[in-house]
Amino acid sequence: MAHDHHPHVRDDARQDTETPLDEAEHWEAFYRATDRHWSGRVNTTFAQHVAELAAPATDSPRGPRTALDLGCGEGADAVWLASHGWQVTAVDISATALERGRAHATEAGVADRITWEQHDLSQTFPEGQFDLVSAQFLHSSLRRDRSPLLRRATASVAPGGTLLLVSHGEFPDWAPQPRPDVLFHTAQETVDLLALDDSWRIELAGTVERDATTPDGAPARLQDVVVRLNRRTGPTT
Ligand SMILES: C[S@@+](CC[C@H](N)C(=O)[O-])C[C@H]1O[C@@H](n2cnc3c(N)ncnc32)[C@H](O)[C@@H]1O
């Protein structure tokens, strides 16, 4: 989560999981509850994977490589991408999160490389196709089927492009448990939700561990479910 201690896991906790609540209201309230939720640092697993992709050629005739960040939150990953030469479209359901993202981008001197769009991605989706489509911890705290959104995300990947999905494998020990309102999909379940045709190559579908810090500052390890897919450029055999 653009930070290593997952404060969102605590802040996001809703005890009344049966109460219907509009998703936009939920996330807007989540962000308004504090001046800033995330650290402003790029997600480490995300950055490691993007670093393995072909570097964006800013002088290419077709322009810089493009990225779509779904559920961008306060924009740390989008700002990091823009700082590394990508042209980014960053999307979130929360206007407050997007405002913070814009301010961060201006501070970082990359405002001209990021377009911010407000969507409830289960309803509307940004236009176009992108070299990288990313969803980092796009969990919903409501009981929602993520598959239509994820399938729509695959359609946004340009031929030759990458889809990079990172989710929690489980909540950390220090988070309130249990959380029956949040579904944890394994990598294989995530792949199954995507209903891929053979134009896709699975580069990674698994669980990786990373270093984290508990809210009390103690070192910890967390599990991320990572699905990284490449959309083939040509016909498959
Ligand atoms: C757990 S946060 C992750 C934020 C960011 N990707 C990160 O890693 O720090 C999930 C984000 O997804 C956004 N989100 C949740 N449901 C959404 C939806 N239906 N459409 C658009 N954004 C959504 C939330 O507002 C929130 O910013």
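The following legends describe close-up views of a predicted model.

**Figure 1. Confidence of the predicted model along the chain****.** The average pLDDT of the protein is 85, and 81% of the residues score at least 70. Residues 2-20 have a pLDDT below 50, although this stretch has 43 contacts in the model beyond near neighbours in sequence. Predicted coordinates should not be read in detail where pLDDT is low.

**Figure 2. The open sheet of seven strands****.** The strands are arranged in the order 3-2-1-4-5-7-6, and their pairing is mixed. Strand 3 (114-118) and strand 6 are the edge strands, each of them pairing on one side only. From one strand to the next, the twist averages 15 degrees.

**Figure 3. Strand 1 and its two parallel partners****.** Five bridges connect strand 1 with strand 2 (residues 87-92), and the two strands pair in the parallel sense. Within this pair, L68 stands opposite T89 of strand 2. The pairing of strand 1 with strand 4 is also parallel and extends over four bridges. Here A67 stands opposite L132 of strand 4, and L70 stands opposite A135 of strand 4. Together with helix 4, strand 1 and strand 2 make a right-handed β-α-β unit.

**Figure 4. Burial of strand 1 (residues 66-70)****.** Five of the five residues in this strand are buried, so strand 1 is largely enclosed by the rest of the structure. In a regular strand, side chains alternate between the two faces of the sheet. In strand 1, T66, L68 and L70 point one way, while A67 and D69 point the other way; all are buried.

**Figure 5. The surroundings of A67 in strand 1****.** A67 has 28 other C-beta atoms within 10 Å; it is therefore buried, the threshold being 20 or more. Leaving aside residues up to four places away in sequence, A67 touches L81, W86, V88, F130, D131, L132 and S134. Of these contacts, V88 is 21 residues from A67 along the chain, and the C-alpha atoms of the two are separated by 4.8 Å.

**Figure 6. The largest nonpolar core****.** This core has 47 residues, and those with the most contacts inside it are L70, A78, L81, A82, V88, I114 and V133. Helix 4 (residues 76-83) provides the largest share, six residues. I114 touches A78, A82, V88, A90 and A105, when residues up to four places away in sequence are not counted. In soluble globular proteins, nonpolar side chains tend to be buried together.

**Figure 7. Helices lying across the sheet****.** Helix 3 (residues 44-52) lies across strand 4, strand 5 (157-168), strand 6 and strand 7, and runs at about 155 degrees to strand 5. Helix 6 lies across strand 1, strand 4 and strand 5. The angle between helix 6 and strand 5 is about 150 degrees.

**Figure 8. The hairpin of strand 6 and strand 7****.** Strand 6 and strand 7 (residues 219-231) run antiparallel and are joined by 13 bridges. L204 has R228 in strand 7 as its bridge partner. Five residues lie between the two strands of the hairpin, and G217 in the turn has a positive phi of about 90 degrees.

**Figure 9. Positive phi at F137 and A195****.** F137, a residue other than glycine, has a positive phi near 55 degrees. This residue is found in the loop between strand 4 (130-136) and helix 6 (147-155). F137 is partly exposed, because 19 other C-beta atoms lie within 10 Å. A195, likewise a residue other than glycine, has a positive phi near 45 degrees. A195 is found in the loop between helix 7 (187-194) and strand 6 (200-213). A195 counts as exposed because it has 10 C-beta neighbours inside 10 Å, the limit for exposure being 12 or fewer.

Notes: Residues numbered from 1 in each chain as written. Predicted model: local features only at pLDDT ≥ 70, side-chain atom pairs only at ≥ 80, totals over all residues. pLDDT = per-residue confidence, 0-100. Contact = placed C-beta atoms within 7 Å. Core = buried A, V, L, I, M, F, W, Y, C linked by C-beta atoms within 7 Å. Pairing = 2+ DSSP bridges. Right-handed = clockwise from strand over helix to strand, strands pointing away. Axes fitted to C-alpha atoms, helices over the stretch in contact; angles between N-to-C directions.
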